[in-house]
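Q: Please take a close look at one part of this model, the contact between its two protein chains, and then follow the description on to the nucleic acid beside them.

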2 protein chains.
Amino acid sequence: MDAYEKLEKSRKRITESIAQNIHLYGLPPSAGRQFGMMFFEDHPLTLDDMSAELGMSKTSMSTSIRSLSEAKLVDRVWERGVRKDLYEVKDDWYQIFVDMFTVKWRRAVSLHTAAIRKSMAELKELKKADDITDELLAIIESDIEKLLYIREYYDWLDRLIDAFEDHKIFDLVPRLEEDA
Amino acid sequence: MDAYEKLEKSRKRITESIAQNIHLYGLPPSAGRQFGMMFFEDHPLTLDDMSAELGMSKTSMSTSIRSLSEAKLVDRVWERGVRKDLYEVKDDWYQIFVDMFTVKWRRAVSLHTAAIRKSMAELKELKKADDITDELLAIIESDIEKLLYIREYYDWLDRLIDAFEDHKIFDLVPRLEEDA
DNA sequence: CATTACGTACAGAAAAAACTGTACGTACAA
DNA sequence: TTGTACGTACAGTTTTTTCTGTACGTAATG
């Protein structure tokens, strides 16, 4: 094995490690491979570059780069005189984490909150109905209690997301461990 | 639609909302449905109960309850005189979030860190070889820089996980919003 | 001891997700 | 205007995941 192959092997291990864990970002392994490969390239790549490098179809590159882009792991960049779309990985992994966390959980909180609001309204309406037995009323009250609890939880989650988004999290857990 | 159906509809909305978002916990929608259903039941359930309630096979219940258990969303409980396994959802959603976060990311950090250590050692070894061109050496140095960066990032992530695990996160983002 | 109830391993079926090639719309170039 | 290069929508295929039914090991019961 020559030096170049050894280098490739070293890179491949890291890339595969990323590929195996990218599901934490809601992305398939191939997107992780794409990200890893781009991470070791020091310049923006076109879809054709990626296609050639990974031996996958351009269509796949197109769809997965969109996923990577929506999860904010890559940026589209412009270069004078280049007609093709160019992409590069973001270089701030802390910010990548924050963005992923924010995007993914904000959406979840939003969907859940909407569902809770609707169901809560229905239950309160139902409570007023006059054909309600005491037994059923107790269940309704119990469900309302549960919804109040999870609404409170989602409020906490929302504030947690804020703490990431506005970087307050770095006050609690500093980026750099300054050694003496 | 009678009152009971209305109640079911209200519950179903919440349960479906959970099912659609449980992928954030690395679980399939059906596990979310299972969790949601159990959330509204006020007593522990057997696999047969779940099977009947969700209209799915007992085998499926068994496998998905294991996933829910590993992700620490449910607990197995014991009841005198009951031979069947009983499960109930954890009632502390804040702790559920913390556990999921901890379990999922700790594993990722561990795997990544191991990969980085290996590749780093290889690269340092490779640097010493005498058949290395200046060009290749520059690439190796560059890769080492990159690995140093992500190692630092994973160290931060590890400390972030600590902050969740030991509940310091609740100092930054308090559980209860105490209003005046 | 035999019997019964229970959970799950395993293999196959069904469903979902990822990937590919073709075809088309758009935009720049000549 | 015509031609060319590009990205992606879409339909079909492959791969992966999820779900089911059968069969078996284990433990409690009589």
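A: In this predicted model, the side chains of A:Lys9 and B:Glu122 meet in a salt bridge, with 3.7 Å from N to O. That pair belongs to an interface for which the count between chain A and chain B is eight salt bridges, and across which 30 residue pairs are found in polar contact, both partners of each pair having pLDDT of 80 or more. On the side of chain A that touches chain B, the elements that give two or more residues are α1 (3-21), α2 (29-40), α5 (93-128), α6 (134-165) and α7 (169-172) of chain A. Of these, α6(A) gives the most to that side, with 19 residues. Sorted by class, the side of chain A that touches chain B holds 41 nonpolar, six polar and 19 charged residues.

The extent of the contact can be stated in two ways. Counted by residues, chain A contributes 66 and chain B contributes 66. The size of an interface is often given as the accessible area that is lost when the parts come together. By that reckoning, chain A and chain B bury about 6100 Å² between them, and 68% of this area lies on carbon and sulfur atoms.

Turning from the protein-protein contact to the nucleic acid, DNA strand C is surrounded by 14 residues, of which the closest are A:Ser60, B:Ser62, B:Arg66, B:Lys84 and B:Asp85. Of the atoms of DNA strand C that come within 4 Å of the protein, 74% belong to sugar and phosphate. Individual side chains illustrate how the strand is approached: a polar side-chain atom of A:Ser57 lies 3.0 Å from a phosphate oxygen of DNA strand C, and an N or O atom in the side chain of B:Lys58 is 3.3 Å from a phosphate oxygen of the strand. A base oxygen of DNA strand C, in turn, lies 3.2 Å from a polar side-chain atom of A:Thr59. The elements that give two or more residues to the surface near DNA strand C are α4 (58-70) of chain A together with α4 (58-70) of chain B, and the largest share, four residues, comes from α4(B). By class, the residues of this surface near DNA strand C divide into three nonpolar, six polar and five charged.

Methods: Residues are numbered from 1 along each chain as its sequence is written. Chains are lettered from A and ligands numbered from 1 in the order in which they are written. This is a predicted model: local features need pLDDT of at least 70, side-chain atom pairs count only at pLDDT 80 or more; totals for chains, interfaces and linings use all residues. Side-chain values use heavy atoms; hydrogens and water are left out. A residue is near a molecule or strand if one of its heavy atoms lies within 4 Å of it. A polar contact is a pair of N or O atoms within 3.5 Å; within protein, one must be able to donate a hydrogen and the other to accept it, and residues adjacent in sequence count only if both atoms are side-chain atoms. Ala, Val, Leu, Ile, Met, Phe, Trp, Tyr, Cys and Pro count as nonpolar, Asp, Glu, Lys and Arg as charged, and the others, Gly among them, as polar. Contact means heavy atoms within 4.5 Å. Buried area is the accessible area (1.4 Å probe) that two parts lose on being put together, summed over both. A salt bridge is a side-chain nitrogen of Lys or Arg within 4 Å of a carboxyl oxygen of Asp or Glu.
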